[in-house]
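Welcome! Here is a set of exercises for getting to know a new protein, each followed by a worked solution. Take a look at the sequence and the structure, then try each task before reading on.

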Amino acid sequence: AQPQTKVDVAFSATAMHWLEAAPCPIPDHVHMAALAPSHPVRQTFAAVAAREWENILTARAEELRPGGVFVIANFTISEQNTFLGNTSYGKCMFSCFHHHWRALKEEGLISQEEYERATFPQYYRTREELLAPALDRSTSAGRLLEVLSAHVHTTPCPYRAAFDQHADPKRFAREFVLTTKSWSSNVFKSALDGSRPEGERTALVEGMYERLRREVEQQPALYG
């Protein structure tokens with residue numbers, strides 16, 4: 001039997017914000033979403049992300065049978081400039097990461113080079129950026145795909161919702177920081193020089209998250 005080469009349905013959730021690699025270091029932050037749209041580094045990220053996104057959509061379109069559907073649930077930046085970790089509560093998660101990572105540098109615990117290497121290889125697209133390749137008939141993605149619907153929704157932080165019920169700042173800080181650490185810690189650990197012993201690198205990163213945990217515990221109203 002011939003292997004199946006086409007599919008009727010494709011699905012992706014919270015994955016397409018990752019880039020193949022960060023196109024350049026962010027010298028004054030750790031994540032592009034915290035930079036102004038006019039910031040030259042953010043514009044560099046945007047150009048690379050646009051090319052990669054068009055390539056991804058073209059590849060997925062070629063895998064679909066006629067009438068097939070590609071469903072994507074992806075992180076985005078809203079018209080109100082909200083995004084994962086930057087909501088109406090006040091504190092931007094990525095700015096908090098940067099604050100504590102920079103403190104390690106200022107205290108002489110990490111080098112300038114290690115500080116700058118902590119750059120998330122991610123790009124949070126706006127709704128317009130997400131739709132652009134599929135709406136442009138001059139691109140392969142635009143000729144192969146038709147946009148059926150596109151919606152921006154805000155997903156409340158479940159740890160914040162739980163805190164509003166149990167009102168325990170220690171528990172909230174522990175749970176909130178643990179979930180952010182699960183997907184972000186490798187960015188910081190890999191930024192540290194490989195000549196450092198494994199235990200030292202682990203201790204530095206764990207120390208950074210402990211600083212963040214204490215901050216969240218002291219000011220829980222600003223996170224969520």
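**Exercise 1. The largest core**

Which residues of the largest nonpolar core touch the most other members?

*Solution.* Keep in mind that this is a predicted model.

Step 1: The largest nonpolar core holds 43 residues, and those that touch the most other members are Met32, Phe45, Phe94, Phe97, Trp101, Phe188 and Val216.

Step 2: Next, look for the elements behind this core. Two or more residues each come from helix H1 (40-63), helix H2 (93-106), helix H7 (169-191) and helix H8 (198-218). H7 gives the largest share, seven residues.

Step 3: A second core of eleven residues lies apart from this one, and its members include Met16, Leu57, Leu64 and Leu145.

Step 4: Now zoom in on tryptophan 101. With neighbours within four places in sequence left aside, its contacts are Ile110, Glu114, Tyr115, Ala118, Phe188, Ala191, Leu192 and Met208.

**Exercise 2. The overall layout**

Describe the protein as a whole: its elements, its span and its surface.

*Solution.* Step 1: The secondary structure consists of eight helices and four strands. Read from the N terminus, their order is β-α-β-β-α-α-β-α-α-α-α-α.

Step 2: The C-alpha trace spans about 55 × 45 × 45 Å along its principal axes.

Step 3: The protein has 224 residues, of which 41% count as buried. About 12200 Å² is exposed, with carbon and sulfur atoms supplying 53% of that area.

Step 4: Finally, take the contacts between residues at least 6 apart in sequence: 72% of them join residues at least 24 apart.

**Exercise 3. Two positive phi angles**

Find where threonine 14 and alanine 167 sit, and decide how exposed each one is.

*Solution.* Step 1: Threonine 14 is not a glycine, yet its phi is positive, about 45°. Threonine 14 belongs to the loop between strand E1 (7-13) and H1.

Step 2: Threonine 14 has a relative accessible area of 40%, so it is partly exposed.

Step 3: Alanine 167 also has a positive phi, near 60°. The loop between helix H6 (158-166) and H7 holds this residue. Because its relative accessible area is 53%, alanine 167 is exposed.

Step 4: Aspartate 168 is found in the loop between H6 and H7 too. With a relative accessible area of 33%, aspartate 168 is partly exposed. From C-alpha to C-alpha, aspartate 168 and proline 220 are 9.2 Å apart in space, with their positions 52 residues apart in sequence.

**Exercise 4. Cysteines and disulfides**

How many disulfides does a search of the whole structure find?

*Solution.* Step 1: The search finds zero disulfides.

Step 2: For cysteine 92, the nearest cysteine sulfur belongs to cysteine 96 and is 7.0 Å away. A disulfide needs sulfur atoms within 2.5 Å, so a pair at 7.0 Å does not qualify.

Step 3: Check the burial of both residues. Cysteine 92 counts as buried at 11% relative accessibility, and cysteine 96 is buried at 5%.

**Exercise 5. Salt bridges**

Trace some of the salt bridges, and ask which parts of the chain they link.

*Solution.* Step 1: The whole structure has 16 salt bridges.

Step 2: One of them joins the side chains of arginine 65 and aspartate 8, at 3.1 Å from N to O. This pair links distant parts of the chain, 57 residues apart: arginine 65 lies in strand E2 and aspartate 8 in strand E1. Arginine 65 is partly exposed at 34% relative accessibility, and aspartate 8 is partly exposed at 44%.

Step 3: Glutamate 198 has a salt bridge with lysine 189, where the closest N and O atoms are 2.4 Å apart. Glutamate 198 also meets arginine 201 in a salt bridge, at 2.7 Å from N to O. Both arginine 201 and glutamate 198 lie in helix H8, three residues apart, or about one turn of the helix.

Step 4: Compare the accessibility of these two partners. Glutamate 198 is partly exposed, at 43%, whereas arginine 201 counts as buried, at 17%.

Step 5: Salt bridges with shared partners also connect Lys170, Glu210, Arg213, Arg214 and Glu217 into one network.

Technical notes. Residues numbered from 1 in each chain as written. Predicted model: local features only at pLDDT ≥ 70, side-chain atom pairs only at ≥ 80, totals over all residues. Heavy atoms only, no water. Core = buried A, V, L, I, M, F, W, Y, C linked by side-chain atoms within 4.5 Å. Buried < 20%, exposed > 50% of the residue type's maximum accessible area, 1.4 Å probe, protein only. Contact = heavy atoms within 4.5 Å. Areas by Shrake-Rupley, 256 points an atom, 1.4 Å probe, with all protein chains shown as cover. Salt bridge = Lys/Arg side-chain N within 4 Å of Asp/Glu carboxyl O.
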